[in-house]
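Q: Could you walk me through one small part of this model in some detail, and then place it in its wider setting? I would enjoy a connected account rather than a list.

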Amino acid sequence: MKTLIASVLILVGSCANIRHSQKIENLENSIVFNNEVIVQKYLNTIQTDDLKNHLEEISSDKYNGRKTGEKGHNQVCNYIREHYKTLEIQPPKSHKDYYQKVPKSALPKGLNDSQNIIALIKGSDYPNEYLYITAHSDHEGVIDGEIYNGADDNASGTASVLEIAQAFQLATKNGYGPKRTIVFLHVTAEEVGLHGSNYYTEHPIFPLENAVADLNIDMIGRVDDRHTGNENYLYLIGADKMSTELHFVAQKANSTFTNLNLDYKFNEDNDPNRYYYRSDHYNFALKGVPVIFFFNGIHADYHKPTDTAEKINYALLKKRTKLIFATAWYLANSPNKLKKEIL
């Protein structure tokens, strides 16, 4: 009898494993870009020169390191806002100047009022489902008389969002607009403790229960020491923590269009660097929104005045931006909303 019971348990366990592996395989196989030619067309509009122009402007000395609440950061916010106006990408109806004020009462002591910048392309089929693409616009300011330009951190992410927005708007004008609403969100006060994204998620303009995902871009223009000699990589953090499907969507976007080496070293739960908790996606995750943090890792110029534009790898920045665009395209256009499910 004991032998029979043991055999039955082994059989049941094996069937369960088979069922789980089959479920995983079915999910992976279900993620298909049916319109690869169209996606590729708009991927090709993401240009090195455009990224470079944005990045050099945002990280230039004239903005004095973009410290939250100071004149330089306010001027950069205006530059971002004017770009959306030029592209004819609209603000939310509730915030017609593109700004969500972040009052100094919500910021660390000594800082002035600041603002998040919000622009959107409305979805055609599911306008009340929202895909967020985020990056922080602030940096360290001036310390001991030296300007901290923050070219990688995070002019790179800001430039990437602007270029992604332009590609989606071109597609929209040509009749290939997203099915879900895409929200381009530039948050303030990341460097002083993720306060801009915290303010947004505590005062969301669109209900976060309807958010599909947040794709957060923070430092994607450089190469870290771990990948010296093998620069064709990008760290992905958080993709599988709330949605196995999101994890596979990013992988499918990569294998279809960009073929970067996706590095999950910092995605481990026991990662001592705790990067999952250190950028703006985390405040979305706290509200139950699936996230991906796109990141190139730390380099010698991190949080130093030497993080300047001439050190950016612009060809790599373009390739990484294309991966994020392709991931966003799938999430915004898939027939079914992303499942918040871990398999």
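In which loop does N259 lie?

A: Happy to take a look, with the reminder that this is a predicted model. N259 sits in the loop that links helix α7 (244-258) to strand β9 (261-263). Its backbone deserves a glance: phi is about 55°, a positive value, although N259 is not a glycine. As for its surroundings, N259 counts as partly exposed because its relative accessibility is 49%, and partly exposed covers the range between 20% and 50%.

D144 makes a good companion to N259. This residue is in the loop between β4 (141-143) and β5 (146-148), and its phi is near 50°, again positive in a residue other than glycine. D144 has a relative accessibility of 75%, so it counts as exposed.

Another backbone detail worth checking on your screen is the peptide bond from D153 to N154, which is cis, with omega near 5°. N154 belongs to helix α5, which covers residues 151-173.

Now for some buried residues. A285 is part of helix α8 (residues 281-286); at 9% relative accessibility, it therefore counts as buried. Leaving out residues up to four places away in sequence, A285 touches M242, Y276 and V291. The C-alpha atoms of A285 and D214 are 8.4 Å apart, although 71 residues separate the two along the chain.

L87 is found in helix α4 (residues 71-87) and has a relative accessibility of 12%, so it too counts as buried. Beyond its neighbours within four places in sequence, L87 is in contact with L162, A165, Q166, Q169 and K173. Its C-alpha atom is 27 Å from that of F284, a residue 197 places away along the chain.

What about the nonpolar interior? In soluble globular proteins, nonpolar side chains tend to be buried together. Here the largest nonpolar core has 71 residues, and those touching the most other members are L55, Y84, F168, F184, F294, F325 and W329. Helix α9 (residues 314-333) gives this core its largest share, 12 residues. W329 is a nice residue to zoom in on: not counting neighbours within four places in sequence, its contacts are F33, N35, I38, V39, Y42, F168, A171 and Y176. Apart from this core lies another, of 25 residues, including I118, M219, Y233 and F266.

Stepping back to the wider setting, the protein has nine helices and 10 strands. Its radius of gyration is 21 Å, which agrees with the value near 20 Å that a compact globule of 343 residues would have. Along the principal axes, the C-alpha atoms fill a box of roughly 80 × 45 × 40 Å. Of the 343 residues, 54% are buried. Contacts reach far along the sequence: among those between residues at least 6 apart, 83% join residues at least 24 apart.

The surface rounds off the picture. About 14,800 Å² is accessible, and carbon and sulfur atoms account for 49% of that area. The protein carries 37 positive and 42 negative charges, and the mean positions of the two sets are 5 Å apart.

Terms used. Residues numbered from 1 in each chain as written. Predicted model: local features only at pLDDT ≥ 70, side-chain atom pairs only at ≥ 80, totals over all residues. Heavy atoms only, no water. Core = buried A, V, L, I, M, F, W, Y, C linked by side-chain atoms within 4.5 Å. Buried < 20%, exposed > 50% of the residue type's maximum accessible area, 1.4 Å probe, protein only. Helix = DSSP H or I, 4+ residues; strand = E, 2+ residues; numbered from the N terminus. Contact = heavy atoms within 4.5 Å. Rg over C-alpha atoms; globule rule 2.2 N^0.38 Å. Areas by Shrake-Rupley, 256 points an atom, 1.4 Å probe, with all protein chains shown as cover. Lys, Arg positive; Asp, Glu negative; His and termini not counted. Charge placed at Lys NZ, Arg CZ, Asp CG, Glu CD.
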